[in-house]
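Q: I'd like a close look at how the helices pack in this model, and at the charged pairs around them. Could you walk me through it?

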Amino acid sequence: MTISLIAFAILLVMVFARIPIAFAMAIVGGVGFALLRGWGPAGAMVGNAVFETGLNYSLSVVPLFIFMGNVLAGSGIAQGLFSAADRVFGRMRGGLAMATVLSCGGFSAVCGSSLATAATMSKVTMPSMRRFGYADSLATGAIAAGGTLGILIPPSVVLIIFGLLTEADIGKLFLAGIIPGIVGIVGYLLAVMVAVRLNPEQAPPVREVHPMTRRDAVSVAAVLGLFAFIMTGIYGGFFTPIEAAGMGAAAALAIAFATGGLARAALWRAFLDSATASAMIFAIIIGAEIFSNFVTFAGLPDSLSTMVENLGLSPWAVLLAIVLIYIVLGCFLESLSMILLTVPVFYPLVSELDFGLAILQDREAVLIWFAIIVVVVTEISLITPPIGMNVFVLRSVLPDVPLRTIFRGVYVFWMADIVRLALIIGLPALSLYLVT
């Protein structure tokens, strides 16, 4: 266990030194494995990790779902979603911020990526909120927090990778994410209401709202239709979750061409952005696989189980400790790296715990519940200082907004997330109701 902890410490030092996390995990894992087994076996292990990851059929969902989101972003669907949401909430103080949250939730349902949702919606919603006099803190806070919904509401790339790591049923993970995702949207809407009640100057008075246009209705119908198509196909037995990625990408292309919103340049940009994002994700997956092989061989999962038994901690205390570890790690690591790095260590431990609840009697239920907890904690980390990846994405898109302004705007949403996390931990049925 000592060797593994030293390796984690070295990894964090490399991350602070601005070495890309994918290379940092690969270097620490490869060298650590070599010191334990020799350079020959370490070279074979690294080669197998690269080869098997590249040929893993299940990982084909990653570029396909990313491409689906990029196609919809380039076709103007995101703008139509925001406009439609504005028609619903525009008559309320803070209505544009609420519309931002709702449109982020809708876009994330067909995107699957938090960073892509935040980057896309910032370009769509920020100009409108500034035009009507919203404070930058509330506007950017709503975008950053709304963007986190992309890794929970299905189809979610992070839930897919969690399922591949743990061999959990991806279809059930998608179902488990629906109610917590809806709770997250409701919590963010309430957070906006609280923020404008505490400081009315953050949002202008109520304004006149025009009726919904045909394009707004088409955008909403397109998102709802695509979401229903994917979920019906999976749970109706027409195609698997892996095949759903291809079907969803094809359907997104058809919708984009049918609505006439996808120009040739936008399509080419969707291909390039998808390839870039996929290459980054695959590099991280390979690095995490190498590091995971090392810590597993070093005996970290078994050592953790033994330590928990010797300390006599209750299952709830163990879960709380894991959640705190995730929150701390989230301050320094981005979401995918954190999940790939920690899930192989923690899920064997959690799956063996008995929480004393009827709904958590079997290992699969505990694993699915734990997956949703991990994803929600990861959402929190995306807006937690000093890193907060969604905040930095917004900073890159909106260079004129200081980081402190964005972090000041997200605190009320961060508190809403903490409440949601407590509800999910205390009421496992929120995650498991649709599954069971």
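At what angle do the axes of helix α10 and helix α11 cross?

A: Happy to take you through it, with the reminder that this is a predicted model. The axes of α10, which spans residues 170–198, and α11, which spans residues 214–235, cross at roughly 135 degrees and come within 10 Å. The two helices are therefore oblique to each other, since an angle has to be over 145 degrees to count as roughly antiparallel. Their crossing is left-handed.

If you zoom in on the residues that touch, α10 contributes G171, K172, F174, L175 and I178, while α11 contributes M231, I234 and Y235. Sorted by class, this contact holds six nonpolar residues, one polar and one charged.

A second helix pair makes a good companion view. Helix α16 (residues 335–351) packs with α17 (residues 363–381) at an angle of about 150 degrees, and their axes are 11 Å apart. That angle is over the 145-degree cut-off, and α16 and α17 are therefore roughly antiparallel to each other. The handedness of this crossing is right-handed, whereas α10 and α11 cross in a left-handed way.

On the α16 side, the residues in contact are S335, M338, I339, F346, Y347, V350 and S351. They meet R363, V366, L367, F370, V374, T378 and S381 from α17. By class, the contact has nine nonpolar, four polar and one charged residues.

Helix α17 also leads us to the charged pairs. Across the whole structure, a search finds six salt bridges. In one of them, E379 pairs with R420, with 2.5 Å between the closest N and O atoms. E379 sits in α17 and R420 in helix α19, so this salt bridge ties together parts that are 41 residues apart in sequence. Both ends are out of the way of solvent by the numbers: E379 is buried, with a relative accessible area of 0%, and R420 is buried too, at 2%.

R420 has another partner as well. It forms a salt bridge with D417, where the closest N and O atoms are 2.7 Å apart. These two residues are three apart in helix α19, and are therefore separated by about one helical turn. Like R420, D417 is buried.

For a link that reaches further along the chain, turn to D400 and R130, whose closest N and O atoms are 2.9 Å apart in a salt bridge. D400 belongs to the loop between α18 (389–397) and α19 (403–426), and R130 to helix α7 (residues 114–131), so the pair ties together parts that are 270 residues apart in sequence. R130 counts as partly exposed, with a relative accessibility of 33%. The pair does not stand by itself, since R130, D136 and D400 are linked in a network of salt bridges.

One last stop is L430, in helix α20 (residues 429–432). Setting aside neighbours within four places in sequence, L430 is in contact with A176, I179, P180, L423 and I424. Its C-alpha atom is separated by 9.0 Å from that of W369, a residue 61 places away along the chain.

How values were computed. Residues are numbered from 1 along each chain as its sequence is written. This is a predicted model: local features need pLDDT of at least 70, side-chain atom pairs count only at pLDDT 80 or more; totals for chains, interfaces and linings use all residues. Side-chain values use heavy atoms; hydrogens and water are left out. Axes are lines fitted to C-alpha atoms, for helices over the stretch in contact, and angles run from 0 to 180 degrees between N-to-C directions. Helices (H or I, at least four residues) and strands (E, at least two) are DSSP runs, numbered from the N terminus. Angles under 35 degrees count as roughly parallel, over 145 as roughly antiparallel, 65 to 115 as roughly perpendicular and the rest as oblique. A crossing is left-handed if the near helix is turned anticlockwise from the far one by less than a right angle, and right-handed if clockwise. Contact means heavy atoms within 4.5 Å. Ala, Val, Leu, Ile, Met, Phe, Trp, Tyr, Cys and Pro count as nonpolar, Asp, Glu, Lys and Arg as charged, and the others, Gly among them, as polar. A salt bridge is a side-chain nitrogen of Lys or Arg within 4 Å of a carboxyl oxygen of Asp or Glu. Buried means under 20% relative accessible area, exposed over 50%, partly exposed in between (1.4 Å probe, protein chains only).
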